[in-house]
Amino acid sequence: MTDTRALLTRLGIDPEGLNPGVYDGSFREGRGKPLESVNPADGTVIARIARASRVDYEAAVAAGLAAFPRWRMEPAPRRGEVVRLIAEELRRHKQDLGTLVSLENGKILTEGLGEVQEMIDMADYAVGLSRQLHGLTMQSERPRHRMVEQWHPLGTVGVITAFNFPVAVWAWNAFLAGACGDVTLWKPASPTPLCALAVSRLVDRVLMLTGWRGVFNLVVGSGAEVGDAMLDDPRVPLVSLTGSCAVGKAAAARVAARFGRSILELGGNNGVIVMDDADLELALRAVLFGAVGTAGQRCTSTRRLFLQRGIARGFTERLVAAYGRIRVGDPLDPATLCGPLIDGSAVTDFEAAMARIRREGGEVLCGGNRLDRPGCFVEPTVVRAPLGFRMSFEETFAPILYLFEVADLDEALRHHNEVPQGLSSSIFTDSVRAAERFVSAEGSDCGIANVNIGTSGAEIGGAFGGEKDTGGGREAGSDSWKQYMRRQTSTTNWSKDFPLAQGVKFDL
Ligand code: NAD
């Protein structure tokens, strides 16, 4: 049994009083409307938080702007050292923070702990990167000239996060931005403010000791009040937004209107293709984790399954049988594989989706109902549907898996790529030809294309993100760091002549 009070207290959260919704070097109660953090597994209030108002937002931006001139001139490896110390705090408090993630978000404990591990991995990566952030040298056409490309910090990075990864997505952005010399202002999603507060408490221990308060800031506030202010704010040159396609689309237009930059990590609608020659045991495990893990509330959750005709019937039977063994319930119980949805409106969305699926001719093979008990629980659901089923074009943020039968890889690819989103995808096959075709230019149109691995559970070393309505952003590994910096081309003339490029003459 988790002692919630003791857990919250250890993490610097007051279970009784009003908690601060602003961290900008010091923790302050915001002047906005107080917010209740509700446990989705039983509907109880975990704690209350004093949300930020527009005025609080202004103060937090000012704190970041005050810290930036000094932070950007701190050698990057020393910035990396601050990130390393934060990772040490995370290591020390992994169990507590991971438990809080489960409590507030509803994901099962192993996934809550995995999220904190992802933060630690991201920090380690950013620390290494802080000794690189490398540019290029180019050959100048002019004698005794040296031409280089180098990277400088941008300024304040606004980080707007979704509820479903309440701590890791901040780390993806903040640790890279911090190593790159930026300051960050975090606006977490309203269902998970305590996770953000707990992270900020850990961060503050390091910033206080190292003298870097003001580098990582937090405003817990509504999208309409604090989020919109950030989108329109020219003092925030980059906004990284993780969320639904609809919110991201509107946000991107606002940021672009002021020539700001955005990184968009939006909704997914991820497909798995299982070919006749696949290792079905592997495919089954991957589909179960992808479709049911995090109660279907990952951007990379498996939502569409394309089964080649030869194995479709047998695989469907095995899948439905496996769904029958999935335990839905308390996310902190080690036997549970599927926790609750985030809140009542997510359950309503699930029920509305099921009503439409039934109306439009989807065949519900298992699940399909909300569970009659306290908390936001629904049944993991499998729906057999004809190819091109309209409802399957939308991301319903719940454990609903659409199952389609396909004749061959051509047909599978055509339908796989027909949805608006383009985040993650995978194929299960033992054929080199099929696998290579899936990841080729005529294969999957997604940002992530896996072979014999499911759609969810990416490592941080690769660039993470998707195409089309998923927004085109990339975060975490590879060269994603470049988005947090500005590129500068610099040419130095160390000769005593003044030659012009392209042979232009301009002599007196
Ligand atoms: P959401 O779109 O409702 O909210 C996302 C964030 O945007 C929240 O912090 C919210 O407060 C904020 N927001 C809302 N309106 C705003 C406004 N007008 N101005 C500024 N900010 C505003 O999403 P959610 O329900 O929290 O998360 C689920 C969605 O996120 C799913 O669609 C999921 O696929 C997506 N997601 C994508 C990724 C990815 O990497 N591609 C990762 C996680 C989640």
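A residue counts as buried when its relative accessible area is under 20%. In this predicted model, Cys-180 easily makes that cut, since its relative accessible area is 0%. Cys-366, at 15% relative accessibility, counts as buried too.

What about bonds between cysteines? A disulfide is a covalent bond between the sulfur atoms of two cysteines. Here a pair of sulfur atoms has to lie within 2.5 Å to be counted as one, and by this rule the count comes to zero disulfides. Take Cys-366: the closest cysteine sulfur belongs to Cys-338 and sits 12 Å away, which is too far for a bond.

Helix 12 runs over residues 344-359. Its 16 residues, at 1.5 Å each, should span 22 Å, and the C-alpha atoms at its two ends turn out to be 23 Å apart, so expectation and model agree. Buried in this helix are Ala-346, Val-347, Phe-350, Ala-353, Met-354 and Ile-357. These residues cover an arc of only 120 degrees around the axis, so they end up on the same side of helix 12. And what covers them? The cover includes strand 15 (363-366), strand 16 (381-384) and strand 17 (400-406). After the helix comes Gly-361, with a positive phi near 95 degrees.

Phe-289 belongs to another helix, helix 10 (residues 280-292). With a relative accessible area of 39%, Phe-289 is partly exposed. Leaving aside residues up to four places away in sequence, Phe-289 touches Arg-298 and Ser-456. Between Phe-289 and Trp-170 there is a separation of 119 residues in sequence and, C-alpha to C-alpha, 24 Å in space.

Technical notes. Residues numbered from 1 in each chain as written. Predicted model: local features only at pLDDT ≥ 70, side-chain atom pairs only at ≥ 80, totals over all residues. Heavy atoms only, no water. Helix = DSSP H or I, 4+ residues; strand = E, 2+ residues; numbered from the N terminus. Expected span 1.5 Å × (residues − 1). Buried < 20%, exposed > 50% of the residue type's maximum accessible area, 1.4 Å probe, protein only. Arc of directions from axis to C-beta. Contact = heavy atoms within 4.5 Å.
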